[in-house]
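Student: I would like to go through the terms used for this structure. Can we check each one against its cut-off?

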Amino acid sequence: MIAILKRMFKTAWQGMKRNNWLTLACVAMMMLSLLIFSSTIIFNHLANSLVNTLKEKMDISLYFKTDVPEEDILKIRDELLANELIAKINYVSKEEALETFEERSKYNPTIQKALEVIGENPLAASLNIKAKNTTDYNQIIESIKNSAFQDKLITIDLTENQKIVSRVDTLARAIKIGSLAAIILLTFLSFVISFNTIRMAIYSLKEEIEIMKLVGGSNWFIRGPFLLEGILQGLFASLTTIIIFSLIILLLGARIENFIPGLGLSTYFWSHFWFILFLQTTFGIFLGIISSFWALNHYLKI
Amino acid sequence: MDSIRIVRINSHIYIDKIMSLVYFKNVSKSYNGSLILDNVTFTMETGEFVSLVGRSGVGKTTLLKMLIREELPTKGKIFFDDKEINKLKPNEIALLRRKIGVVFQDFKLLPDRTAFENVAFAMEVAGYPNEMIKKDVPEVLKLVNLQNKADNFPYQMSAGEKQRTVIARALIQRPELILADEPTGNLDPINSWDIIKLLVKINELGTAVMLATHDKEIVNTLGKRVISLENGKIIRDEQEGKYLI
């Protein structure tokens, strides 16, 4: 069995060497398909995590007039917590707000000087409300506007993440559709090239195949090397793709991270390295086997 | 396939039931409506030497191709070792071809392999282990008197040597039958006789041989069974026959 497998590998390798340029073109085309394939997987995950992060950052801030006592604000908080649309409310006192503001603007001397000039805490106490669902924020705002404590508020502030979330969602969907179209096109091209590589291999080994048949080579012994050739093409394409991906992440990961902070591209790639390799190798080998099988059924009659 | 042979000894007639190696039963073959073989029936026994004679295009090669299941009959049945060839599954076809060695006029040797490698190829394909290949190939090459040419490529060999390499390749799997399709067609008379002598020697060692030829001199000198084909039909089947077409 091992001897037969070795011989099959030898024949497959011979076939690839004889048509080296075609094999190279085939591996390159498969590599492109796999690059898009893996990019889509990674992008899909990143887009989802970005949307989730943005959704998590959404909240309503109620800023109270400076003369409203803390007990009143805490009472309003308890009232609001009874609303089933609200998940949680965080109270930020005037002091805490000032502390955060000072910490944030410690490298900005102008703001620090302005605070010194004012001499007292100009910031308002606030309640930060998180809804159970991102779609409920507008309804919560409406109920606050109609509430009895409405006149105690300076402003109701809804972070504008909703628009960003829907924009990211739309963009992600567009990119997914684009990637899918690219995958289909490149997979088809890979299939056509791989099919032709195997066809050429069948032609170049025509004499061997004829003699194999005459001396009693089994069906699988004759077909095996060509299927192996398809598998090897898929494998080489997958390995090349993962090397290119790793290089891109190593060289450009930090820059991409600077451009879109919190994206977690490098972290995601390295923590899912084997998963991505497994998926794209399976896809590559599947592509190789299908094209070889198709070519064998068309051009190799035993 | 069982068949009956009538033997006369000292005025007594005996009916002898024997199992044939090859049995063609009412076999016809046509290509695009043109009839190549027409209702051919014959048997061939284990260890027998049969010459198949007839003009070019009479259907000799088609008949041989049907025996190794390269072609299927349009009508009729073909048996080898009691198994109907038409009904073989793909893996059984491979096994059939290992039992039948084939020798062609145009050699069909791999040009980029030496004589040793060409013979070894048949064993590799059948899945024999390397140790066995290393042991058996030199023995067969010796049998065909090519022990000194084992490392020669086909372009370094004469036509006769090439044909002997082909015979070695056909013999390497110890077949029950050797099919030789015009094996002397590309050879000079001396080399032709060498090949025929080799086939006779192989037959004497127990392997059946079916020789398709239109070389009258060879057939007449052999003095073995001759099946004559004309217009797709067997017109004569004689033990110790002659080429009479």
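Tutor: We take burial, a surface patch and a helix pair in turn, and the model is a predicted one.

Student: Why is Leu250(A) called exposed?

Tutor: Exposed means over 50% relative accessible area. Leu250(A), in helix H9 of chain A, has 60% relative accessibility and therefore counts as exposed.

Student: What makes Thr241(A) buried or exposed?

Tutor: Thr241(A) also lies in helix H9 of chain A. The cut-off for buried is under 20% relative accessible area. Thr241(A) has a relative accessible area of 0%, so this residue is buried.

Student: Which residues form the nonpolar patch on the surface?

Tutor: The patch is formed by Ile243(A), Leu247(A), Ile248(A), Leu250(A), Leu251(A), Leu252(A) and Trp270(A), and together they have about 700 Å² of accessible area. Patch residues need over 30% relative accessible area, and Leu250(A), at 60%, is above that cut-off.

Student: Where does the largest share of the nonpolar patch come from?

Tutor: From helix H9 (residues 219-259) of chain A, which supplies six residues.

Student: Why are H2(A) and H9(A) called oblique to each other?

Tutor: Two packed helices are described by the angle and the distance between their axes. The axes of helix H2 (residues 20-57) of chain A and H9(A) come within 8 Å and cross at roughly 55°. Roughly parallel needs an angle under 35 degrees, and roughly perpendicular begins at 65. The angle of roughly 55° fits neither class, and H2(A) and H9(A) are therefore oblique to each other.

Student: What is the handedness of the crossing of H2(A) and H9(A)?

Tutor: Their crossing is right-handed.

Note on methods. Residues are numbered from 1 along each chain as its sequence is written. Chains are lettered from A and ligands numbered from 1 in the order in which they are written. This is a predicted model: local features need pLDDT of at least 70, side-chain atom pairs count only at pLDDT 80 or more; totals for chains, interfaces and linings use all residues. Side-chain values use heavy atoms; hydrogens and water are left out. Patches are made of residues with over 30% relative accessible area and no salt bridge: like charges are joined within 9 Å, nonpolar side chains (Val, Leu, Ile, Met, Phe, Trp, Tyr) within 5 Å. Accessible areas come from the Shrake-Rupley method with a 1.4 Å probe; for residues, only the protein chains shown count as cover. A salt bridge is a side-chain nitrogen of Lys or Arg within 4 Å of a carboxyl oxygen of Asp or Glu. Helices (H or I, at least four residues) and strands (E, at least two) are DSSP runs, numbered from the N terminus. Buried means under 20% relative accessible area, exposed over 50%, partly exposed in between (1.4 Å probe, protein chains only). Axes are lines fitted to C-alpha atoms, for helices over the stretch in contact, and angles run from 0 to 180 degrees between N-to-C directions. Angles under 35 degrees count as roughly parallel, over 145 as roughly antiparallel, 65 to 115 as roughly perpendicular and the rest as oblique. A crossing is left-handed if the near helix is turned anticlockwise from the far one by less than a right angle, and right-handed if clockwise.
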